[in-house]
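Open the model in your viewer and keep the selection panel at hand. The stops below say what to pick and what to look for.

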Amino acid sequence: MSTPAQYRFTFGPWNISTGADPFGPPARKEMEYAQKLKKYKELGFDGVQFHDDDIVPADLDWQATLKGTAEVKKILDGEGLFVEIIAPRLWEDPRTLDGGFTSNDPKERQYAIDRAKRCADLADEVGCKNFVLWLAREGTYIREAKCAKTAIARIVDAWSAILEHNKNIRILGEAKPNEPTDSAFLPTVGHMMAIGYKTVDPARSGVLIESAHSILAGIDPSEDMAFALYHDKLWSVHLNDQNGLKYDQDKTFGSVDLRRAFNQVWVLEKSGYGKNGEAVGLDVKAMRTTTFEDSLQHLANSKTLFLRLLDIVRAVDEKKVEELRAAKKYEQLEMLILDMLMGKKG
Ligand code: XUL
Ligand code: MN
């Protein structure tokens with residue numbers, strides 16, 4: 001299946017995993033890092049998404065960081081891959097147990113800001129301008145643990161400090177309502193965008209939308225996407241799927257609800273997403289039962305499903321849709337879409 005030039009596809013190396021979960025150890029062996037990077041082009045992907053420590057460990061001094069980063073950049077250049085996003089992994093270090101920017105300990109807040117600034121500088125080294133902030137632990141397990149109003153101000157200050165530190169990057173907030181915290185301070189795309197407008201540089205503040213995170217917030221991902229697209233703030237996506245309100249599943253795009261996936265492809269395509277260099281990012285996990293040999297299948301399947309849905313979007317008779325909308329004939333419109341999704345011709 002050929003890929004239209006407008007769409008470039010990316011994923012992060014963490015999308016190739018051992019299948020370990022909170023209840024059990026790895027279910028398959030770890031793929032070597034260099035081997036993971038070699039798989040991208042084979043699978044038909046164009047770029048890589050990184051956390052800071054996907055490139056080099058976060059505690060290296062700057063000289064060693066530059067050396068390690070140059071080695072990774074050389075592999076990427078050799079493979080013909082670009083770096084789409086980079087994100088500071090602010091949720092694994094012992095100093096971020098209580099959150100980073102919103103920890104109740106000022107030393108820990110400073111650690112988070114310093115690490116985020118370092119990550120922005122890493123972005124320069126790998127030629128990437130999209131800095132993603134998934135605010136993993138910026139929330140609470142019990143609401144009384146932190147003053148939420150103070151916490152919001154701290155997030156805005158940290159976001160601004162990163163933008164002021166590095167003028168080359170732009171920040172994409174990735175909202176998620178819960179997990180790992182019980183309750184996140186910025187649970188939805190709307191919250192994230194409102195915060196972007198309060199920072200020191202709203203023009204460099206936008207969002208990355210993950211399908212599963214919108215679904216966890218009870219919002220159809222295509223609605224969130226339309227909202228961000230209206231504001232010209234949709235700078236990346238993490239397409240995947242989610243079966244109801246439970247833990248974050250990161251299922252293959254379109255595997256749970258094809259119509260919901262269709263609507264995401266529709267809104268992206270109709271808005272010209274990708275024409276300004278935005279990429280179609282995935283954030284998907286293989287099932288725990290998957291073998292090592294099959295552990296890339298979920299990536300290939302997600303891309304295939306996107307392209308098949310794109311074919312359907314492009315085949316929809318727009319004139320007919322507009323006629324049905326004008327006449328408010330929504331029963332007929334629904335059947336037209338379902339017929340197309342079920343492959344009915346003519
Ligand atoms: C967590 C999540 C992260 C971010 C990147 O749910 O989606 O992988 O996408 O930090
Ligand atoms: Mn994600």
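**Stop 1: ligand 1**

Select ligand 1 in this predicted model. Around ligand 1 you will find Trp14, His51, Trp91, Trp134, Glu174, Lys176, Glu210, His213, His238, Asp248 and Asp283. Show their side chains.

Now turn to the oxygen atoms of ligand 1. One lies 2.9 Å from an N or O atom in the side chain of Glu210. For the side chain of Asp248, the distance from a ligand 1 oxygen to an N or O atom is 3.0 Å. For the side chain of His213, the corresponding distance is 3.1 Å.

**Stop 2: the manganese ion**

Keep Glu210 on screen and add ligand 2, the manganese ion. Which residues are its protein donors? They are Glu174 and Glu210 through OE, His238 through ND1 and Asp283 through OD. These donors lie 2.0 to 2.3 Å from the ion.

Check the geometry next. The manganese ion has six donor atoms, with angles of 79 to 168 degrees among them. The site is octahedral.

Then look at the sequence panel. The donor residues follow the spacing E-x35-E-x27-H-x44-D. Glu210 belongs to strand S8 (residues 205-210), whereas Asp283 sits in the loop between strand S10 (280-282) and helix H10 (297-315), so this pair ties together parts that are 73 residues apart in sequence. Both Glu210 and Asp283 are buried.

**Stop 3: strand S8**

Select residues 205-210, which make up S8. Is this strand enclosed or open? Six of its six residues are buried, so S8 is largely enclosed by the rest of the structure.

Colour the two faces separately. In a regular strand, side chains alternate between the two faces of the sheet. Here one side of S8 carries Ser205, Val207 and Ile209. The other side carries Gly206, Leu208 and Glu210. All of these residues are buried, and both faces are covered.

Add the strands that pair with S8. Strand S6 (residues 170-174) pairs with S8 in the parallel sense, over four bridges. Pick Gly173 to see one position: its bridge partner in S8 is Val207. Strand S9 (residues 234-239) also pairs with S8 in the parallel sense, over four bridges. There, Leu208 stands opposite Ser236 of S9.

**Stop 4: threonine 199**

Step back along the chain to Thr199, in the loop between helix H6 (189-198) and S8. Is Thr199 buried or exposed? Its relative accessibility is 6%, so Thr199 counts as buried.

Draw a distance from its side chain to the backbone oxygen of Gly196; the value is 2.8 Å. Next, list what Thr199 touches, leaving aside neighbours within four places in sequence. Its contacts are Val156, Trp159, Ser160, Leu163 and Ser205. Ser205 is familiar from one side of S8.

**Stop 5: the loop after S6**

Go to Glu179 and Pro180. Glu179 lies in the loop between S6 and S7. Pro180 lies in the loop between S6 and strand S7 (183-184). What kind of peptide bond joins Glu179 and Pro180? The bond is cis, with omega at about 10 degrees.

Check the backbone of Glu179 too. Its phi is near 70 degrees, a positive value in a residue other than glycine. Most residues other than glycine have a negative phi, and most peptide bonds are trans. Glu179 has a relative accessibility of 29%, so it counts as partly exposed.

**Stop 6: aspartate 250**

Move on to Asp250, in the loop between S9 and H9. Its phi is near 50 degrees, again a positive value in a residue other than glycine. Asp250 is buried, with a relative accessible area of 6%.

**Stop 7: glutamate 269**

Finish in helix H9 (residues 258-270), where Glu269 is located. Glu269 counts as buried because its relative accessibility is 18%, under the 20% limit.

Show the contacts of Glu269 beyond its neighbours within four places in sequence. They are Gln6, Tyr7, Leu310, Val313 and Arg314. With Tyr7, the link is a polar contact between the two side chains, at 2.6 Å. For Leu310, draw a C-alpha to C-alpha distance from Glu269: the two are 7.7 Å apart in space and 41 residues apart in sequence.

Key. Residues are numbered from 1 along each chain as its sequence is written. Chains are lettered from A and ligands numbered from 1 in the order in which they are written. This is a predicted model: local features need pLDDT of at least 70, side-chain atom pairs count only at pLDDT 80 or more; totals for chains, interfaces and linings use all residues. Side-chain values use heavy atoms; hydrogens and water are left out. Donors are N, O and S atoms within 2.8 Å of the metal (3.2 Å for Na, K and Ca); water is not among the atoms, so sites may look incomplete. Four donors count as tetrahedral if all angles lie between 85 and 135 degrees; four count as square planar and six as octahedral if opposite donors are over 155 degrees apart and all others between 65 and 115; anything else is irregular. Helices (H or I, at least four residues) and strands (E, at least two) are DSSP runs, numbered from the N terminus. Buried means under 20% relative accessible area, exposed over 50%, partly exposed in between (1.4 Å probe, protein chains only). Two strands pair if DSSP finds at least two bridges between them. A polar contact is a pair of N or O atoms within 3.5 Å; within protein, one must be able to donate a hydrogen and the other to accept it, and residues adjacent in sequence count only if both atoms are side-chain atoms. Contact means heavy atoms within 4.5 Å. A residue is near a molecule or strand if one of its heavy atoms lies within 4 Å of it.
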